[in-house]
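This report is meant for a reader who meets the structure here for the first time. It goes through enclosed spaces, an open pocket and some aromatic contacts in turn.

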Amino acid sequence: MASKLLASSLLRQTLTKPAARRLSTAAAAATATEPSPPPPPQLVDDEGVTIKGVKISARPLYLDMQATSPVDPRVLDAMLPYYMARYGNPHSRTHLYGWESDQAVETARAQVADLIGASPKEIVFTSGATESNNISIKGVMKFYKEKKRHVITTQTEHKCVLDSCRHLQQEGFEVTYLPVGPDGIVDLEQLRAAIRPDTGLVSVMAVNNEIGVIQPLEEIGRICKELKVPFHTDAAQALGKIPIDVEKWNVSLMSLSGHKVYGPKGVGALYMRRRPRIRVEPQMNGGGQERGIRSGTVPTPLVVGMGAACELAKKEMGYDERRTEALQQRLLDGIRAKLDGVVVNGSVERRYAGNLNISFAYVEGESLLMGLKDVAVSSGSACTSASLEPSYVLRALGVDEDMAHTSIRFGIGRFTTEEEIDRAVELTVQQVEKLREMSPLYEMVKEGIDIKQIQWAQH
Amino acid sequence: MAAISSISRAEVLSLYRSLLRTARQFCDYNIREYSKRRTIDAFRENRALTDPASISAAYSGGKSQLEIAKRQAVVYSLYAPKIKSVMEIRPN
């Protein structure tokens, strides 16, 4: 009875409230000359924005260049005309709109080819490196499926390569996942030993997305040439960062991405060797664009952006490289000067300078990332971030579970400033010190106890 | 550049100042700092140029960069985010 009474009074309240509000707005409208529209939900106010329940008063400084890079203004400048008057379909053969778009696409193709030492005829535009990897791995194996039943790759490849391989396994192909050394580099003798007469493809990435190590591609290419096995490399993180030459590396296929070289997202390219010719089964069927390998209208503005980004990368590579190296040294020196127990994951010598993956001993990685809210960094790849699992790449390197949990990847790029690096060092040091102060493990280590010897009670 | 005309010191300095002025107009912290830095470094790199042909090539290259920068400074200002970079809010 009491509950019924309460319910009815509640109902009355909810019924009367809107009526009262309507009355007051009507009164307000009567006094004002024109009724104002209802205000939109406030996301941005004077203080800042609220996203995912977190109040942010400033844009964090960006050190996550491996996830994606900002579009260079020079790239955007090249793209914009193709979002305005020049909107033609590059495959239209009957009018100016088509012709001018087609010309722009072909110019972009030449720009991409030029950066990797290929012929424009060997470039196929795709939606990104993931699609290029899928076409390479599944496409090649399915085309040569009568004779070739085996693929070789490494344990530290990008998710899309590993997943494509898994897909092939379900269809009855065999896959060898080569282990890597503690420095993240694949062993060449092991690779050679793994090649069989029915091996249809070797796929090894150029620059690792999580730890930044550079694989010995020239040597792998030589082995593949000697044993006559097609060689595919995922060069998404390498394009525009390290010199690429398809002849020197002897690759048959290479995956490229636009948005890692200050170009737009949603566009990539696939290099396919013509001599000796490598053939693939298309993964997308349709109008036969891109020589039937990748049907679907070529997105002119994106492709123009990728072309411009590649041309720019060729021109700026030396300058960018010098800067990135200096900034990486500044970051590492800054952190090492104030903190102990800092470990760089992966080879230090064979490494792209813009990627610095470090582990901080006795600190929990997720807490560190949460504490660093003014620095946009990640614990590894964007695809697997936010999962509490440690990165499979670090595990493949044999990094201890506790150290794998504390890794942070700092990505330095063309637009990173010295001041940003200094601020990142300051904030990281501050946060790590704070977390270590709270850590009983760190206290024990300081007292001279070897925590590896501790027998933890089992529950 | 039609013929290889020699470019005066004043013209080069004027281009340099225009590029820096335009760079300062970028509302984005990183782009602004980059444009300034890249301009200064490019002119420093090319300081030793003596060959009129390469001077004129560098000059016209700089001119086209200036045109791009002028356009993009406007585009960036049109879509400036409401909140600024943390680097601009608490300068150390």
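A cavity is a set of grid points where a 1.4 Å probe fits but cannot get out, and the residues said to line a cavity have an atom within 4 Å of one of its points. The model described here is a predicted one.

**Chain A and its cavities**

Chain A contains 14 helices and 14 strands, and 52% of its 459 residues count as buried. Among the contacts in chain A between residues at least 6 apart in sequence, 71% join residues that are at least 24 apart.

The structure holds two cavities of 30 Å³ or more. In the second largest cavity there is about 40 Å³ of space, and the residues that line this cavity are A:Met65, A:Gln66, A:Ser69, A:Lys241, A:Lys260, A:Tyr262, A:Tyr352 and A:Ile412. The largest cavity holds about 110 Å³; its lining is made up of 13 residues, and those nearest its centre are A:Gly240, A:Lys241, A:Tyr262, A:Asp320 and A:Tyr352. A:Lys241, A:Tyr262 and A:Tyr352 thus appear in the lining of the largest cavity and also in that of the second largest cavity.

The table sets out the linings of these cavities by residue class.

| Cavity | Nonpolar | Polar | Charged |
|---|---|---|---|
| Largest cavity | six residues | three residues | four residues |
| Second largest cavity | four residues | two residues | two residues |

**The second largest pocket**

Turning from cavities to pockets, the second largest pocket has a volume of about 1200 Å³. It is lined by 39 residues, and the closest to its centre are B:Thr39, B:Ala42, B:Phe43, B:Asn46 and B:Ala58. Two or more lining residues come from each of α2 (73-79) and α9 (300-338) in chain A, and likewise from each of α1 (9-24), α2 (29-45) and α3 (52-78) in chain B. Which element gives the most to this lining? That element is α2(B), which supplies 10 residues. By class, the lining of the second largest pocket comprises 22 nonpolar, eight polar and nine charged residues.

B:Tyr16 belongs to helix α1 of chain B. Leaving aside residues up to four places away in sequence, B:Tyr16 touches B:Thr39, B:Ile40 and B:Phe43; of these, B:Thr39 and B:Phe43 are among the residues closest to the centre of the second largest pocket. Is B:Tyr16 buried or partly exposed? Its relative accessibility is 23%, and B:Tyr16 therefore counts as partly exposed. B:Tyr16 and B:Thr50 are 34 residues apart in sequence, and their C-alpha atoms are 18 Å apart in space.

**Aromatic pairs and charges over rings**

A pair of aromatic rings is described by the distance of the centres and the angle of the planes. Over all chains, the count comes to seven aromatic pairs. One of them joins A:Phe143 and A:Tyr144, whose rings are 5.1 Å apart from centre to centre with 70° between the planes, an edge-to-face arrangement. A:Phe143, at 34% relative accessibility, counts as partly exposed, and A:Tyr144, at 27%, is also partly exposed.

Another pair is formed by A:Phe415 and B:Tyr34, which is edge-to-face because the planes stand at 75°, with the ring centres 4.9 Å apart. This pair crosses between chains, from A:Phe415 in the loop between β14 (407-411) and α13 (418-438) of chain A to B:Tyr34 in helix α2 of chain B. A:Phe415 is buried, with a relative accessible area of 2%, and B:Tyr34 is buried as well, with 4%. Together with A:Tyr262, these residues, A:Phe415 and B:Tyr34, form one aromatic cluster, and A:Tyr262 is also a residue of the lining of the second largest cavity.

B:Tyr34 is in turn touched by A:Glu316, which also touches A:Arg74, A:Arg414 and B:Arg38, residues up to four places away in sequence not being counted. A:Glu316 lies in helix α9 of chain A, and its relative accessibility of 5% is why A:Glu316 counts as buried. B:Arg38, one of the residues that A:Glu316 touches, lies over the face of A:Tyr319, at 3.7 Å from the ring centre. Within chain A, the charged end of A:Arg149 sits over the ring of A:Phe173, at 4.3 Å from the centre of that ring.

Note on methods. Residues are numbered from 1 along each chain as its sequence is written. Chains are lettered from A and ligands numbered from 1 in the order in which they are written. This is a predicted model: local features need pLDDT of at least 70, side-chain atom pairs count only at pLDDT 80 or more; totals for chains, interfaces and linings use all residues. Side-chain values use heavy atoms; hydrogens and water are left out. On a 1 Å grid over the protein atoms alone, a cavity is a set of points where a 1.4 Å probe fits but cannot get out, and a pocket is an open set with protein on both sides within 12 Å along at least five of seven lines; lining residues have an atom within 4 Å of a point. Grid points are joined across faces, edges and corners, and a volume is the space filled by probe spheres set on the points. Helices (H or I, at least four residues) and strands (E, at least two) are DSSP runs, numbered from the N terminus. Ala, Val, Leu, Ile, Met, Phe, Trp, Tyr, Cys and Pro count as nonpolar, Asp, Glu, Lys and Arg as charged, and the others, Gly among them, as polar. Buried means under 20% relative accessible area, exposed over 50%, partly exposed in between (1.4 Å probe, protein chains only). Contact means heavy atoms within 4.5 Å. Rings of Phe, Tyr and Trp (its six-membered ring) pair if their centres lie within 6.5 Å; planes under 30 degrees apart count as stacked, over 60 as edge-to-face and the rest as tilted. A charge sits over a ring if NZ of Lys or CZ of Arg is within 6 Å of the ring centre and within 35 degrees of the ring normal.
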